[in-house]
Amino acid sequence: MTANDALHDDLAAAYGRHLERRRAHRRKLRTAAIACAAALVVVGAAFGTATLLGWPAPEHVKREIAAVDRGLPEDLRLNPDVEHASAVASTGSSTLYAASLRDGGRCTELVTADDRGRGATCTTASDELTRPIDLALPFDDGAGDEAPVVLAGRLNASEGAELEIAYEGGGSNAIPFGEDRYFVFEVPEERLASAHASGFQLVARDDNGSIIATTSVPADWDDEAVPDEAAPLFVSTRSDESDLTKVYGIEGHVSAEGAASLELDYGDGDRVPIAIEPDGSFEYTVPQDRVDDFMEPRTLVARDQAGNEIVSRPVAAVAFWRGRERGR
């Protein structure tokens, strides 16, 4: 073999190895491209799910859910995970958002048309045991019988498989679930008159069609609120939302027949008389050294001319009532 022949063979072998490396590189690129395509399919599927449910709650909803703990001491706070609050059920015009609690419960807020939040509510894990169906049913005073009726909540009963609304005037509709048995439902236009005038029931069934839970909404669910003056003794407290354990004052109205005097009993022997105005209203400013005394209920008592008790009401800080609601 001549030197030229040897050189030719070496060049041919080197070129062959170069081609093989290029082919191998192309196979790697092709494999990588296929893998990327598969990843895009998976991501696309994930985005597809997100467009149905699971999108993050807007900032105003996060703030409103977080506000359930505003002004409360640490031992009464629920600490909802607002940063991960997300949509759990929706009809398109109305959406229910949920934030989880550490004990397995959650806080929710329904947002209706025009991105209007309707108030956050919370359910602890222990609450679920005694409340098989959670229901939020917002309404506006004086809205009329043609106003939309939107209900939202969750079927807490773990064996629940179906939920329906049964109208007192006859007929029913199935209520579809969102995530984890949450629901949002808008009453059809042809059922609005019945829902407003007669109320309705929610009926939950298991896989076998057996009824496992019901909850009733009475006919007067959206009637105008009864005026404070109609109650025999109405009382409200004045507090600073930064600390709801404190009470700075109380006010209200006495309508009980024969009421001649009013007093606040602190429960430790101290009884403070409160003047009743000619129109039945009253107001009392709590002394500075007593503003922290309402984490235990005190008693407001109305008496007749002879000093006999006619009617009484407990008076307590907002934090006390919140704690009772939360089983604390």
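A pocket is an open set of grid points, found where a 1.4 Å probe fits, with protein on both sides within 12 Å along at least five of seven lines. With that in mind, the second largest pocket of this predicted model has a volume of about 200 Å³. Its lining is made up of 14 residues, and those nearest the centre are Thr-108, Thr-121, Thr-123, Asp-134 and Leu-135. Four strands each give two or more residues to this lining: E3 (106-112), E4 (116-123), E5 (133-136) and E6 (150-155). By type, the lining of the second largest pocket holds 6 nonpolar, 4 polar and 4 charged residues.

The largest pocket offers a useful companion to this picture. Its space comes to about 370 Å³. Among the 23 residues lining the largest pocket, Arg-118, Phe-139, Asp-140, Ala-147 and Pro-148 are the closest to the centre. Here the lining divides into 9 charged, 8 nonpolar and 6 polar residues.

Stepping back to the whole chain, the secondary structure consists of 18 strands and 5 helices. The chain has 328 residues, and 36% of them count as buried. Among contacts with a separation of 6 or more, 54% are between residues 24 or more positions apart. The exposed surface of the chain is about 18600 Å², with carbon and sulfur atoms supplying 51% of that area.

Strand E3, already met in the lining of the second largest pocket, is also the place of Cys-107. Cys-107 counts as buried because its relative accessibility is 0%, below the 20% cut-off. Leaving out residues up to four places away in sequence, Cys-107 touches Ile-65, Val-68, Leu-78, Pro-80, Tyr-97, Ala-98, Ala-99, Leu-101, Thr-121 and Cys-122. One of these partners, Thr-121, is among the residues nearest the centre of the second largest pocket. Thr-124 stands 17 residues from Cys-107 along the chain, and the C-alpha atoms of the two are separated by 8.3 Å.

Another of the residues touched by Cys-107, Ile-65, belongs to helix H2, where the buried residues are His-60, Val-61, Lys-62 and Ile-65. These buried residues of H2 pack against strands E2, E3 and E4. The loop between H2 (59-66) and E1 contains Asn-79. Although Asn-79 is not a glycine, its phi is positive, at about 55 degrees. Asn-79 is partly exposed, with a relative accessible area of 29%.

A positive phi also appears at Asp-114, again not a glycine, with a value of about 65 degrees. Asp-114 sits in the loop between E3 and E4. This residue counts as exposed because its relative accessibility is 80%, and the cut-off for that class is over 50%.

Loop residues can be covered too, as Ser-94 shows: it is buried, with a relative accessible area of 2%. Ser-94 lies in the loop between strand E1 (86-90) and strand E2 (95-100). Beyond the residues up to four places away in sequence, Ser-94 touches Ala-89, Leu-110, Val-111, Thr-112, Ala-113, Val-150, Val-184 and Glu-186.

Towards the other end of the numbering comes helix H5 (residues 318-325), whose buried residues are Ala-319, Phe-320 and Gly-323. These three lie on the same side of H5 because they cover an arc of only 105 degrees around the axis. In general, an α-helix has 3.6 residues a turn, so residues three or four places apart point the same way. The face of H5 turned away from the buried side carries Arg-324 and Glu-325, both exposed. After H5 comes Gly-327, with a positive phi near 70 degrees.

Phe-320 of the buried side also gives a reference point for Lys-246, which is 74 residues away along the chain, with 9.9 Å separating the two C-alpha atoms. Lys-246 is located in the loop between strand E12 (233-238) and strand E13 (249-254). With neighbours within four places in sequence set aside, the contacts of Lys-246 are Arg-238, Ser-239, Val-291, Asp-292 and Ala-317.

How values were computed:
Residues are numbered from 1 along each chain as its sequence is written. This is a predicted model: local features need pLDDT of at least 70, side-chain atom pairs count only at pLDDT 80 or more; totals for chains, interfaces and linings use all residues. Side-chain values use heavy atoms; hydrogens and water are left out. On a 1 Å grid over the protein atoms alone, a cavity is a set of points where a 1.4 Å probe fits but cannot get out, and a pocket is an open set with protein on both sides within 12 Å along at least five of seven lines; lining residues have an atom within 4 Å of a point. Grid points are joined across faces, edges and corners, and a volume is the space filled by probe spheres set on the points. Ala, Val, Leu, Ile, Met, Phe, Trp, Tyr, Cys and Pro count as nonpolar, Asp, Glu, Lys and Arg as charged, and the others, Gly among them, as polar. Buried means under 20% relative accessible area, exposed over 50%, partly exposed in between (1.4 Å probe, protein chains only). Contact means heavy atoms within 4.5 Å. Accessible areas come from the Shrake-Rupley method with a 1.4 Å probe; for residues, only the protein chains shown count as cover. The arc is that of the directions from the helix axis to the C-beta atoms.
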